[in-house]
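This briefing is meant to be read with the coordinates open beside it. It moves from enclosed space to the surface, and then to individual residues.

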Amino acid sequence: MLQKIYTVLFFLGLFFFPFNEYEGISALGEFKSESGALFLFGGFLFLVADTFYSKKIMIPYKNILFQCVILFLAWCIITFIVNLDTITTNYFKHTTGINRFIRQYFALITSSFIFLILYINVLAKMEVKEMLFKIRKVFLYSLIIASVYGFLETLVIVFGFRIFYPVLNLFDYFPFSEVHLHPEGRISSVSYEPPFLAIYLISIAGWMFSYILTNKKPTKFLPAIAVLLLTYFSGSRTGLIVIFFQLLIFAIFLYKDIRFKTYIKKALIGFAVIFAVLLAFNGEKVMKSVATKMESLDFKNNLTKSISNQSRFGIQYASIQVFKENPIAGVGFGQQAYHNRTHYPGWATKNNYEFKLYYKNKKEKTFPPGYNLYTRLLAETGLLGFLLFIMLLYFSLRETISIMKSTQNEEKTLTVIILITLIGLYINWLQIDTFRMYVVWLSIAILIQLRYKLKALKNEQ
């Protein structure tokens, strides 16, 4: 009974993870508006209860991926101890260094250990075929809701059909959803902001692309098309680049299989037809939208014109300077913002209201984001912490490719999905500094279980 409850909560957590457009629970810190996390927390509690009752829980301590996670978590604590003298004096935005460490380490250990253990134990009870089809179906259901919301939002924001706003407003009655229109003419669907929508789409892109491999119905292209359209209208530069790259990787797999070569041609024709329909529907706005997207991808010019890019690269630059001063153990996990503020470059802060209103403003409680997980780790955990994390990324990709080469059918499809997913999310970490990337840790859990299941199958033969 307890096992069924935490399994259901696991799937609800996956379904709701893009839904963060509501006020939330402030006590949960980074997870305060993450509705999916609520179900995952509940699932973990029921897993603990089941463990006390059954005396059984799976902790894959012999797996190299899990070992990398544990080593990294341990090193983050070591950086706190090593830098304790400076951490106790850190104070900014009404927050002490010790308080900041506790909050950040809670977010890290929740994503990379607590939820990971839940994923591993739920997946342990599934066959490979179940992993593929059940998880993908849950993501599809969430995409359907996000697509309906996004379609209505696009009609209202992009094409100016305000008549549909009352219909869109009905989503206020959907769990964990509060209708909010983005002021810059970009859609965010069920997520709080377009960048969060992009993370969700990058996370599920490989799963939705896989329908083309396993489904025989003409509708198998629709999930992929929905992902691409939502990405386009979100206006997320990173989303556009990363999902295009994920699509390219998937196209290479298709092209290598003679059964699917014609799909690439059909896909190109399909996109051309959709674009033509959009042009006929409202050609002027579509062309203007395309021109805007192309301009947004010009990072060199946008560095001098875009305030957000100046802030992003300025903070990353500051993190590198902090790393140079503390190359071995960094300044301590969670302490980046305390040290970055003395290294912000003039080209980033000049005429930049974001630094004045948010990042340097002591009255504003929200800490400045690091905008890049890798530069954050260099600054906070030093070269050793950075290399430990890179080891996890390397072994996860190596394990994916290794399993892919030695399997067929559902196992191979699942590894193709994981490869596309992990590459996309690892690239996305170049512009976001949170560990709260649910599908990264889900993918690692799947890899751990795939390896165990393949070993068990080999032993039976």
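What follows is a short account of cavities, a surface patch, backbone angles and long-range contacts.

The model is a predicted one, and the points below should be read with that in mind. It holds two cavities of 30 Å³ or more, the largest with a volume of about 140 Å³ and the second largest with a volume of about 30 Å³. On the surface, a nonpolar patch includes L170, while H94 and S189 are two residues other than glycine with a positive phi.

**The largest cavity**

- Fifteen residues are not all named here, but among the 15 that line the largest cavity, F17, E34, F196, I199 and R436 lie nearest its centre.
- Helices α8 and α20, the latter spanning 438-460, each supply at least two residues of this lining, and the largest share, four residues, comes from α8.
- By class, the lining of the largest cavity divides into nine nonpolar, four polar and two charged residues.

**The second largest cavity**

- The second largest cavity, with its volume of about 30 Å³, is lined by E30, F31, Q104, A107, L108, S111, R376, T434, F435 and R436.
- Helix α5, which covers residues 97-123, gives the largest share of that lining, namely four residues.
- The lining of the second largest cavity has four nonpolar, three polar and three charged residues.
- R436 appears in the lining of both cavities, being listed among the residues that line the second largest cavity and also among those nearest the centre of the largest cavity.

**The nonpolar surface patch**

- F161, I163, F164, V167, L170 and Y173 together form a nonpolar patch on the surface, and their accessible area adds up to about 640 Å².
- Within this patch, L170 is found in the loop between α7 (165-168) and α8 (194-209).
- L170 counts as exposed because its relative accessible area is 53%, which is over the cut-off of 50%.

**Positive phi angles**

- Most residues other than glycine have a negative phi.
- H94 departs from that pattern, with a phi near 60 degrees, and is found in the loop between β1 (91-92) and β2 (95-96).
- With a relative accessible area of 52%, H94 is exposed.
- S189 likewise has a positive phi, near 50 degrees, and is found in the loop between α7 and α8.
- Although S189 lies in a loop, S189 counts as buried, because its relative accessibility is 0% and the cut-off for that class is under 20%.

**Contacts between distant parts of the chain**

- A198 lies in helix α8 and, at 3% relative accessibility, counts as buried.
- The C-alpha atom of A198 is separated by 9.4 Å from that of N428, although the two residues are 230 residues apart along the chain.
- T154 lies in helix α6, which runs over residues 128-157, and T154 also counts as buried, with a relative accessibility of 7%.
- T154 and R186 are 32 residues apart in sequence, and their C-alpha atoms are 8.0 Å apart in space.

Methods: Residues numbered from 1 in each chain as written. Predicted model: local features only at pLDDT ≥ 70, side-chain atom pairs only at ≥ 80, totals over all residues. Heavy atoms only, no water. Patch = residues over 30% accessible without salt bridge, like charges linked within 9 Å, V, L, I, M, F, W, Y side chains within 5 Å. Areas by Shrake-Rupley, 256 points an atom, 1.4 Å probe, with all protein chains shown as cover. Salt bridge = Lys/Arg side-chain N within 4 Å of Asp/Glu carboxyl O. Buried < 20%, exposed > 50% of the residue type's maximum accessible area, 1.4 Å probe, protein only. 1 Å grid on protein atoms, 1.4 Å probe; cavity = no way out; pocket = protein on both sides within 12 Å on 5 of 7 lines; lining within 4 Å. Points joined across faces, edges and corners; volume = space filled by probe spheres on them. Nonpolar A, V, L, I, M, F, W, Y, C, P; charged D, E, K, R; others polar.
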